[in-house]
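Biologist: I'd like to go through this model with you, and I'll probably jump between topics. Please put it up so that we are both looking at it.

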Amino acid sequence: MDIEQEYDLFVIGGGSGGLACAKQAAKLGAKVALADFVKPSPLGTKWGLGGTCVNVGCIPKKLMHFAATLGELRHDQVEAGWIDTQVDSKHNWEKMVENVNNHIRKLNFGYKNQLLRQDVKYYNKLAEFIDANTIKLTDNKGQIETVRAKTILIAVGGRPSYPENIPNIQNLVITSDDLFWLQENPGKTLVIGASYVALECGGFLHGIGNEVAIMVRSILLRGFDQEMAEKIGQYMEEKGIRFIKGSVPDMIEATEDNKRKVTWIINGQKQEEIFDTVLVATGRVSDTQKLNLDKVGVKMNKNGKILCSADDKTSVANIFAIGDCVEGRPELTPTAIKCGQLLANRLYNNGNELMSYEFVATTVFTPLEYGCIGYSEEDAIKKFGEEKITVYHSIFKPLEWNYFEMHSGESCFAKLIVLNDNRRIIGFHYLGPHAGEVTQGYAVAIKMGVTKEQFDSTVGIHPTCSEELVQVTAVKGIDDAQKEGC
Ligand code: FAD
Ligand code: NA7
C-alpha cells in the first residue's frame with residue numbers, strides 16, 4: 001500500500017470542533033491535515049466546509065429566526081409611528097434563502113482560507129480508518145489515497161435521524177439538512193418532533209407566514225426546565241402554531257399533486273391531513289457508521305456515539321474524539337470549539353486544562369427566546385432535594401411591548417434556582433426578547449459561583465428586560481410570580 005503523507009495530527013470532520021482543533025494544533029507547530037466530506041442528504045442537499053453549525057444549523061437557523069422576528073415587529077413599527085409599513089406584506093422565501101446561502105458560501109470560503117493560511121492540509125474527501133494510524137481518503141470521483149498520522153481526531157458530528165416505522169420516509173420528508181437550502185417556500189408544514197430543532201424551525205416558518213403544525217410525541221423540550229417549555233409552547237400556540245399532542249405519524253404518502261398526506265391516531269381515532277411539506281426533527285445520530293471504528297477498536301455505545309474519557313481519549317490510545325459524535329457531550333457549537341482548542345493545547349503545548357461542561361449557557365431561538373444556564377427545576381430537585389433549594393420567579397412585560405397591545409403581557413418569565421446552604425444560583429432561566437444576549441452576560445457570573453444575594457446587590461440597567469433577573473424576589477410555592485417591569 002502506498003502511504004502518501006505523514007502527519008502529527010489528522011482530523012476527520014471540518015465542523016465546529018474539528019476546525020478549531022486543527023487550527024490550534026497548527027498554530028502550536030504540529031503538522032496537521034483535515035478531511036471534511038459532506039454526504040448529501042437523502043434528497044440530495046449538500047454544502048461546503050464548516051460542518052453543521054455553519055451550513056445546516058446555528059447560522060442559517062438564526063438568520064431565518066431573525067427574518068421571522070422582523071415580520072412580527074411590523075405591528076410595533078406601525079404603532080411606533082412608521083408610516084409606510086404594511087402589516088400584511090408577504091415574505092419572499094427565495095430572497096431570504098439566496099442571502100442566507102450566500103452568507104454561508106462566504107463562510108465556507110473563509111474556512112478554506114484559514115486552513116490554507118495556517119498550513120493545515122485540507123482534503124475534501126471521505127475518511128475511514130484502515131488501522132489506528134492509517135486513513136483511507138476517497139473523493140467524489142472515487143479516487144483513493146492513504147495518509148498516516150501519529151494522532152487522529154474524530155469530529156464527525158451527527159446527522160438527522162428518521163422515525164423507523166414509516167416506509168420510504170427519507171424520500172417523503174425534509175430535515176434540517178434540507179430546510180435551509182430549499183429553493184421554494186415549504187408552504188403548509190407539519191413538523192414532527194418537539195425539541196430544540198423542531199420548535200425553532202416550526203417557529204420561524206410560522207413567523208414568515210406559513211401555516212405550521214407541530215406533532216408532539218410526549219413533552220416539549222425534553223431535558224429543559226418543563227415550566228419554561230410549557231410557557232414556550234403556550235406562546236407559540238397563542239401566535240397561531242397548532243400543536244398535535246400525544247401523537248406520532250402512522251403513515252406519510254405522496255399525493256398526485258406531490259403534497260404529503262399524513263395519517264396519525266389520536267385518542268384511538270384515525271386522523272389525516274394534507275401538508276405541502278413534512279419536516280422531521282426527531283433527533284440526530286452520530287455520523288460514525290462508516291468510519292470502520294469497530295475494526296480499530298474504538299468503542300461506541302449502541303447509538304454509535306463514541307465513548308471518551310474526560311481528556312477526549314477513545315479506547316484507542318492515539319485516537320481522540322470531540323463534539324456531537326461523543327457520548328454525553330452537549331450538542332452545541334461552542335462546547336465543540338472549546339473542547340477542540342483545549343485538546344490541541346494538551347497535545348502540543350503541555351496544557352492540562354480539561355473541558356468543563358458545567359454551567360454552559362444555551363439559548364433556544366423559539367419565537368419568544370429562552371436562555372438557560374445550569375439546572376432545570378426538575379434536575380435540581382432530583383440532585384439536591386426539594387427542601388434544599390429555593391426557586392424565585394417573576395413574570396414581566398418588556399417596555400417596548402406597550403406600543404402594540406396585542407403582545408401578551410403574561411409571556412416573559414424569569415426564574416432562578418438557588419441552593420439553600422450557600423445561596424449559589426444553580427439554575428438560571430429567562431424567557432423573553434434577546435435571550436441569547438441576556439443569558440451570555442449572566443453566564444460568567446453563574447460559572448464563577450454567584451449567589452442570590454450578589455444578584456440582589458447588583459444594580460439593574462433600566463429599562464431593560466435583563467434587569468428582571470437581579471430583581472426577582474417572589475418565592476415559588478409561597479408568592480405568586482410577580483409582574484415586574486414598567
Ligand atoms: P459538525 O459540525 O457536525 O461537523 C462534522 C463534519 O464532519 C461535517 O462537515 C461532516 O460532513 C464531516 N464528516 C462526517 N463524516 C466524515 C468522514 N467520514 N470524512 C470526512 N468528513 C466527515 N448549536 C449551538 O451552539 N447553537 C445553536 O443555535 C445551534 N443550532 C442548531 C440548529 C440545528 C438545526 C442543528 C442541526 C444544530 C444546531 N446546533 C446549535 C448544534 C451544532 O450545530 C453542533 O453541536 C455542532 O455543529 C457540532 O460540531 P461538531 O464539530 O461535533 O460536528
Ligand atoms: P432531540 O433533542 O433528540 O429531540 C428529539 C425530539 O423528537 C423529541 O421531541 C422526541 O420526543 C422526538 N422524537 C424522537 N423520535 C420520535 C419519533 N419516532 N416520532 C415522533 N417524535 C420523535 O433532537 P433535536 O433534533 O431537536 O436536537 C438535537 C440537537 O441538535 C440539540 O441538542 C441541538 O443542540 C441541536 P420525546 O421527547 O423523546 O418523546
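Biologist: How do α3 and α4 run, roughly parallel or roughly antiparallel to each other?

Modeller: They are roughly antiparallel, on a scale where angles under 35 degrees count as roughly parallel, over 145 as roughly antiparallel, 65 to 115 as roughly perpendicular and the rest as oblique. This is a predicted model, in which local features need pLDDT of at least 70 and side-chain atom pairs count only at pLDDT 80 or more, while totals for chains, interfaces and linings use all residues. Residues are numbered from 1 along each chain as its sequence is written, and chains are lettered from A and ligands numbered from 1 in the order in which they are written.

Biologist: What are the numbers for that crossing of α3 and α4?

Modeller: The axes of α3 (residues 58–79) and α4 (residues 93–117) come within 10 Å and cross at roughly 150°. Axes here are lines fitted to C-alpha atoms, for helices over the stretch in contact, with angles running from 0 to 180 degrees between N-to-C directions. Helices (H or I, at least four residues) and strands (E, at least two) are DSSP runs, numbered from the N terminus. The crossing is right-handed; left-handed would require the near helix to be turned anticlockwise from the far one by less than a right angle, and right-handed is the clockwise case.

Biologist: And which residues make the contact?

Modeller: On α3 they are I59, P60, L63, M64 and A67, and on α4 they are M96, V100, H103, I104 and L107, where contact means that C-beta atoms, placed from the backbone, lie within 7 Å. By class this gives nine nonpolar residues, one polar and no charged; Ala, Val, Leu, Ile, Met, Phe, Trp, Tyr, Cys and Pro count as nonpolar, Asp, Glu, Lys and Arg as charged, and the others, Gly among them, as polar.

Biologist: What about α3 against α7, what's the angle there?

Modeller: Those axes cross at roughly 40° and come within 8 Å, which makes α3 oblique to α7. The crossing is left-handed. The α3 side supplies K61, M64, H65, A67, A68, T69, G71 and E72, and the α7 side supplies E200, G203, F204 and G207. These residues divide into four nonpolar, five polar and three charged.

Biologist: Staying with α7, how buried or exposed is A198?

Modeller: A198, which is found in α7, is buried because 23 other C-beta atoms lie within 10 Å; the cut-offs are 20 or more such atoms within 10 Å for buried, 12 or fewer for exposed, and in between for partly exposed, with C-beta atoms placed from the backbone. Not counting residues up to four places away in sequence, A198 touches V191, G193, I214 and A281. A198 and V280 are 82 residues apart in sequence, yet their C-alpha atoms are 7.7 Å apart.

Biologist: Where's the largest nonpolar core centred, I mean which residues have the most contacts inside it?

Modeller: They are V191, C201, I214, I232, V278 and L279, in a core of 87 residues, a core being a set of buried Ala, Val, Leu, Ile, Met, Phe, Trp, Tyr and Cys residues joined through C-beta atoms within 7 Å. Helix α7 (residues 196–207) gives the most to this core, seven residues. I232 touches L199, L220, L221, T366, L368, Y370 and L431, again leaving out residues up to four places away in sequence. A second, separate core of 53 residues includes L9, L115, F129 and L293.

Biologist: L221 turned up there; what is its phi?

Modeller: The phi of L221 is near 50°, a positive value in a residue other than glycine. L221 sits in the loop between β9 (212–216) and α8 (226–239), and it counts as buried because it has 21 other C-beta atoms within 10 Å. Most residues other than glycine have a negative phi, and most peptide bonds are trans.

Biologist: Which peptide bond is cis, then?

Modeller: The one from H462 to P463 is cis, with omega near -5°, and P463 lies in the loop between α13 (452–456) and β22 (482–484).

Notes. Two residues are in contact if their C-beta atoms, placed from the backbone, lie within 7 Å.
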